[in-house]
Amino acid sequence: MAPRGSSFPGLWKYPSNRDIWAKSSISWLEGRRKDDGAHGLWRIHDHLYDFSTFVDSHPGGADWLQLTKGTDITEAFEVHHLTSLPRAMLDKYKVRPISERRNSPYTFLPDGFYNTFKTRVLQKFSTSQLKGPSAESKLVTDSLFSAFVVCTLISAYKSSIDFAMLAGVLLAFTVCAAHNFVHMRNEWRRYYVNLSMLSAKHFRIYHTLSHHLYPNSVLDLEVSLLEPWLPWLPRPEKNVLERYASWLISPIVYALMFPSEFARRVISHGPDLNDLSALLVPAAMGLVSPASLYLWPVMILTASFVYSLTSINAGHHHPEVVHDGDATRKDRDWGLAQVDCVIDRGDLNGVSVSTDGDISSSGSWWHFVLVLCNFGHHTLHHLMPTVDHFRLRQMYPILEQTLADFGIRYRVDGAIPLVSSQFQQLARNEPNPVPPEEREKKML
């Protein structure tokens with residue numbers, strides 16, 4: 001079947017490697033290098049830069065620049081750098097302008113939604129408040145990890161399936177919490193992710209560089225990796241079997257997410273230290289009791305199911321959320337696209353919205369634990385991915401003001417209704433022809 005292209009204006013090239021059978025985070029980057037016209041350098045807006053001499057001194061860690069060499073990093077540059085200092089350094093590394101238009105659906109105009117929101121955040125918070133992890137996030141994440149270790153050892157000692165499954169649940173929540181650190185400059189807690197058979201390195205590609213920057217588009221690798229099993233994009237050619245069989249196989253896909261991602265990496269590119277560190281868990285279990293090793297698959301499958309149930313239903317897949325194929329806003333601002341691609345889980349976030357659009361949020365410790373374990377404050381997290389989750393709640397007044405100024409409504413729903421809506425999105429094959437701004441007028 002020929003590629004359909006994208007309904008997102010500005011995505012004029014269908015991504016290379018998107019529909020290959022052996023797709024992976026590495027093949028996604030290779031496709032970007034083919035499509036972005038960066039000529040082996042780094043592209044930001046309409047200029048090429050050579051950061052080769054800066055890679056090792058990059059404050060966020062060398063990974064980010066090593067991975068993205070040869071691609072257009074405009075979105076990553078704009079979103080991951082909140083202050084003006086990185087922009088002031090660009091001239092030092094500028095090579096030349098480039099005339100070929102960017103293959104991107106987004107803009108970052110100074111008076112647009114995103115830069116207005118970001119400017120207001122910088123006026124409210126100091127740079128130190130926006131950088132690095134909070135003590136609260138460290139405490140919760142380390143506590144989850146410690147509980148996981150204890151339950152793992154007990155399960156091995158007692159050969160207990162119950163404790164193995166409990167350890168799996170705790171591992172899933174540890175990965176969710178460690179995701180907070182994956183987005184930041186190098187911080188060792190991101191490696192908790194590796195214990196699940198996922199990889200912190202590859203997580204940065206398919207989640208941070210792909211999904212977060214291009215949500216629900218044909219560039220979103222978290223969408224394409226799960227096709228054809230979970231076909232979220234609304235395509236008229238989706239047949240009845242594709243639309244509804246996905247409902248039946250979803251639990252299987254959830255449970256196999258971790259081991260299948262591990263197998264995909266090892267088969268495609270060979271193992272590395274990130275992959276081998278996943279074996280620390282069965283090694284520890286084997287030291288306690290070699291006969292308990294059969295419990296490790298139980299733990300991994302449980303963790304995979306819980307993590308997938310949580311992440312897949314985090315609010316991106318809903319019939320009222322924009323997916324590639326749907327009509328989009330005329331205003332291509334990156335921040336507006338993030339808002340259009342999310343419905344927050346108000347009950348887990350401790351957030352409610354009045355009929356007048358006023359946003360209220362709970363500052364309770366319990367709600368923060370739920371936020372960290374369930375990809376909470378998701379709209380704010382997409383707008384400010386490098387900011388620690390503990391600090392996001394304080395930004396709701398700024399979000400409320402900016403949404404009101406641009407005539408946008410903030411959307412919330414319950415966690416359970418969003419699970420149901422995700423299945424409705426799987427079955428949806430008719431693109432929504434009404435752009436978000438027109439739908440909002442009707443709602444108002």
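Biologist: Let's start near the beginning of the chain: where is Asn17 found?
Modeller: Happy to, and please keep in mind that this is a predicted model. Asn17 is not a glycine, yet its phi is positive, near 75 degrees. As for its place in the chain, Asn17 sits in the segment before H1.

Biologist: Does Asn17 count as buried or exposed?
Modeller: The cut-off for buried is under 20% relative accessible area. Asn17 has 18% relative accessibility, so it counts as buried.

Biologist: What is the phi of Ser159?
Modeller: Ser159 is found in the loop between helix H7 (135–158) and helix H8 (161–182). With a relative accessible area of 33%, Ser159 is partly exposed. Most residues other than glycine have a negative phi. Ser159, although not a glycine, has a positive phi of about 50 degrees.

Biologist: Which residue does the side chain of Arg32 reach in a polar contact with another side chain?
Modeller: Arg32 lies in helix H1 (residues 25–35), and at 7% relative accessibility it counts as buried. Leaving aside neighbours within four places in sequence, Arg32 is in contact with Gly70, Thr71, Asp72, Tyr214 and Leu219. The side-chain polar contact, at 3.3 Å, is with Tyr214.

Biologist: Let's turn to the open spaces. What is the volume of the largest pocket, and which element gives the largest share of its lining?
Modeller: The largest pocket has a volume of about 1,500 Å³. Of the 50 residues that line it, the closest to its centre are Val223, Leu225, Leu226, Glu227 and Pro228. Helix H9 (200–211), helix H10 (221–224), helix H11 (240–269) and helix H14 (295–312) each supply at least two lining residues. The largest share, 11 residues, comes from H11.

Biologist: How many charged residues are in the lining of the largest pocket?
Modeller: Sorting the lining of the largest pocket by class gives 28 nonpolar and 9 polar residues. The charged residues in that lining number 13.

Biologist: You mentioned Glu227 and Pro228. What is omega for the bond that joins them?
Modeller: Pro228 lies in the loop between H10 and H11. Most peptide bonds are trans. The bond joining Glu227 and Pro228 is cis, with an omega of about 5 degrees.

Biologist: Which residues lie nearest the centre of the second largest pocket?
Modeller: The second largest pocket has a volume of about 740 Å³. Helix H2 (62–68), helix H3 (74–80), helix H4 (85–89) and helix H6 (127–130) are the elements that give two or more residues to its lining. By class, that lining divides into 18 nonpolar, 10 polar and 2 charged residues. Of the 30 residues that line this pocket, those nearest its centre are His58, Gly60, His80, His81 and Pro86.

Biologist: What about enclosed space: what is the volume of the largest cavity?
Modeller: The count comes to 4 cavities of 30 Å³ or more. The largest cavity is lined by 14 residues, and the closest to its centre are Tyr106, Thr328, Arg329, Asp331 and Ala337. By class, its lining has 8 nonpolar, 1 polar and 5 charged residues. The volume of the largest cavity is about 150 Å³.

Biologist: Which helix supplies the largest share of the lining of the second largest cavity?
Modeller: About 100 Å³ of space lies in this cavity, and its lining has 3 nonpolar, no polar and 6 charged residues. Among the lining residues are Glu320, Asp340, Arg409, Arg411, Arg439 and Glu440. Helix H15 (334–340) and helix H22 (436–443) each supply at least two of the lining residues. The largest share, 3 residues, comes from H22.

Biologist: Stepping back to the whole protein, what is its radius of gyration?
Modeller: The secondary structure comes to 22 helices and 7 strands, and the C-alpha atoms fill a box of roughly 60 × 55 × 50 Å along the principal axes. With 444 residues, a compact globule would have a radius of gyration near 22 Å. The protein agrees with that, at 21 Å.

Biologist: And what percentage of the residues is buried?
Modeller: Of the contacts with a separation of 6 or more, 77% are between residues 24 or more positions apart. Among the 444 residues in the protein, the buried ones make up 58%.

Key:
Residues are numbered from 1 along each chain as its sequence is written. This is a predicted model: local features need pLDDT of at least 70, side-chain atom pairs count only at pLDDT 80 or more; totals for chains, interfaces and linings use all residues. Side-chain values use heavy atoms; hydrogens and water are left out. On a 1 Å grid over the protein atoms alone, a cavity is a set of points where a 1.4 Å probe fits but cannot get out, and a pocket is an open set with protein on both sides within 12 Å along at least five of seven lines; lining residues have an atom within 4 Å of a point. Grid points are joined across faces, edges and corners, and a volume is the space filled by probe spheres set on the points. Helices (H or I, at least four residues) and strands (E, at least two) are DSSP runs, numbered from the N terminus. Ala, Val, Leu, Ile, Met, Phe, Trp, Tyr, Cys and Pro count as nonpolar, Asp, Glu, Lys and Arg as charged, and the others, Gly among them, as polar. Buried means under 20% relative accessible area, exposed over 50%, partly exposed in between (1.4 Å probe, protein chains only). A polar contact is a pair of N or O atoms within 3.5 Å; within protein, one must be able to donate a hydrogen and the other to accept it, and residues adjacent in sequence count only if both atoms are side-chain atoms. Contact means heavy atoms within 4.5 Å. The radius of gyration is taken over C-alpha atoms; the globule rule is 2.2 Å times the number of residues to the power 0.38.
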